[in-house]
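I open these notebook entries to set down what I looked up, one topic at a time, for someone who is new to this structure.

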Amino acid sequence: MTINSNDLHFKNSIFGAGLTLEALQTQLDSVSVPYADVDCRTCPNPCDEGHESYPNKFSVDMESTMFGSVKPYHRQIVISTGKMDWDREITSTKNSLAAHVQHVIHNAPMSVSPAGAEIKSKRVNHVSGVFNSSDSSKLSILNGSHHTISDNPEYETVLVFPDYIMVTEVPRSLDGAKALWDAALAPSVSILPPVHEKGNLSSWIIPYSCVILLCSHKRRDNRCHIAAAQLGQAFTHSLEDHGWTVDTEIEHPLHTMGLPLEKLQGTEAENEECTTRQFQEIASEKRALILRNSHTGGHRYAGNCIIYTPQGSGVWYGRVSTHEVESIVSQTLEEGLVLPPLLRGGMNISRPGCMSLNDW
């Protein structure tokens, strides 16, 4: 069953068959996910605030249960391409870094457990769609709209989540993919900023308070392409109204973060203190990076949006229109609270003892 775009957001208590708002909130409470008990839509219906609506033929699946549609993964990478659409299967694009990384994954040892996997056994409750990075060894590969910051166009810039680091000078080759895997992607690599003594890669903390990923993969589904264009503009306007600075290309971190992490000269404890301080400082600066990305799954729930923050969380939203963007900015980005009606799932969003995802 599908619902016309002009009607699909009129009632934010529709969660699919068999799931009510109260039931979803109970599940989130059971795993300590901080959420906002507010209406996701801040404008009247019909809207009188100038928000652009999706076309009449833009249909979204409102029948199936969206919450829990995100499968656990250990890390997700976003590779620079300078494009907003890609081949249907990005890992099949010849000589692309995505293809090379997929080749490395295919040949990697399967017996290695993710760093920190012992934490999983300590959690009593489990809710589908809410997971920690240690629950899986899977690597999710995405292409992004950002251009590489390298002077060499054959070298890519790769964002790594939930580590919240960017790795630069990655050759678009099998050797480059192997170096990236060993330095930042292998499950055995701890989810901490990498500090290496050798190698040609350079790593920085991502110099933004949040990264907003909008699926725009037209060759997979035109709805994502349509939604990403509208949501990108809506997020920019809302964030700027809230006093944020918004970029759609990555500013070179040398200007804001100083030397790469590989150049840190202190002891292990001193370097960890330094990187923690950098994470906390950048989180408070109200600087957003908005990127388009390749297919993440669930295009029937367009518009799809993933939000990563320096605190290590990754919030997946679906069925997002321009009418909900203001609530996402005010509640999720500024207050650190998820919006249950839009929630597909999330990484590291279970925060026992915390009132907000923005807590450290």
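**Entry 1: the loop between β6 and β7**

I began with P162, which sits in the loop between β6 and β7, and I noted that the model I am reading is a predicted one. The peptide bond leading from F161 to P162 is cis, with omega near 10 degrees. Y164 belongs to the loop between β6 and β7 as well, and I found that its phi is near 65 degrees, a positive value in a residue other than glycine. Is Y164 buried or exposed? I looked this up too, and Y164 counts as buried, because its relative accessibility is 0%, where the cut-off for buried is under 20%.

**Entry 2: other unusual backbone places**

I then looked for further entries of this kind along the backbone. A302 and G303 are joined by a cis peptide bond whose omega is about 0 degrees, and G303 is in the loop between β11 and β12. N95, in the loop between β3 and α2, is not a glycine, yet it has a positive phi of about 65 degrees.

**Entry 3: the whole protein**

Stepping back, I recorded six helices and 14 strands as the secondary structure of the protein. The protein has 360 residues, of which 56% count as buried. Of the contacts with a separation of 6 or more, 80% are between residues that are 24 or more positions apart.

**Entry 4: helices α2 and α3**

I turned next to α3, residues 174-185, and compared its span with that of a straight helix: its end C-alpha atoms are only 14 Å apart, although 12 residues at 1.5 Å a residue would reach 16 Å if the helix were straight. The buried residues in α3 are G176, A177, L180, W181, A183, A184 and L185, and the elements they pack against are β3 (75-80), α2 (97-107), β5 (139-144), β6 (155-161) and β7 (165-171).

For α2 I listed L97, A98, A99, H100, V101 and V104 as buried, and these buried residues pack against β3, β5, β6, β7 and α3. How do the two helices meet? The axes of α2 and α3 come within 8 Å and cross at roughly 65 degrees, and the crossing in which α2 passes α3 is right-handed. On the α2 side the contact involves L97, H100, V101, H103, V104 and I105, while α3 contributes L174, A177, K178, L180, W181 and L185.

**Entry 5: two single residues, A99 and S202**

I picked out A99, which has its place in helix α2, and saw that A99 is buried, with a relative accessible area of 18%. Beyond residues up to four places away in sequence, A99 touches I90, T91 and T93. I also checked A99 against R172, 73 residues apart along the chain, and the separation of their C-alpha atoms is 9.6 Å.

S202 is in strand β8, residues 202-205, and S202 is buried, its relative accessible area being 18%. When neighbours within four places in sequence are left aside, the contacts of S202 are M166, V167, T168, P260 and E262.

**Entry 6: the nonpolar cores**

In soluble globular proteins, nonpolar side chains tend to be buried together. Which residues touch the most other members of the largest nonpolar core? I found that this core has 46 residues, and that I212, F235, L239 and Y317 are the ones that touch the most other members. Elements that each supply at least two residues of this core include α1 (21-30), β9 (210-215), α4 (222-241) and α6 (325-333), and the largest share, seven residues, comes from α4. F235, apart from its neighbours within four places in sequence, is in contact with I212, L214, I290, C305, V325, I328 and V329. I also noted a second, separate core of 28 residues, among them I77, L97, A177 and C274.

**Entry 7: aromatic pairs**

My last search gave five aromatic pairs in the structure. Y73 and F131 form one that is edge-to-face, at 5.3 Å centre to centre and with 65 degrees between the planes. Because Y73 lies in the loop between β2 (59-61) and β3 and F131 in strand β4 (residues 130-131), the pair ties together parts that are 58 residues apart in sequence. Both Y73 and F131 are buried, and together with W316 they form one aromatic cluster.

Note on methods
Residues numbered from 1 in each chain as written. Predicted model: local features only at pLDDT ≥ 70, side-chain atom pairs only at ≥ 80, totals over all residues. Heavy atoms only, no water. Core = buried A, V, L, I, M, F, W, Y, C linked by side-chain atoms within 4.5 Å. Buried < 20%, exposed > 50% of the residue type's maximum accessible area, 1.4 Å probe, protein only. Helix = DSSP H or I, 4+ residues; strand = E, 2+ residues; numbered from the N terminus. Contact = heavy atoms within 4.5 Å. Expected span 1.5 Å × (residues − 1). Phe/Tyr/Trp six-rings, centres within 6.5 Å; stacked < 30°, edge-to-face > 60°. Axes fitted to C-alpha atoms, helices over the stretch in contact; angles between N-to-C directions. Left-handed = near helix turned anticlockwise from the far one by under 90°.
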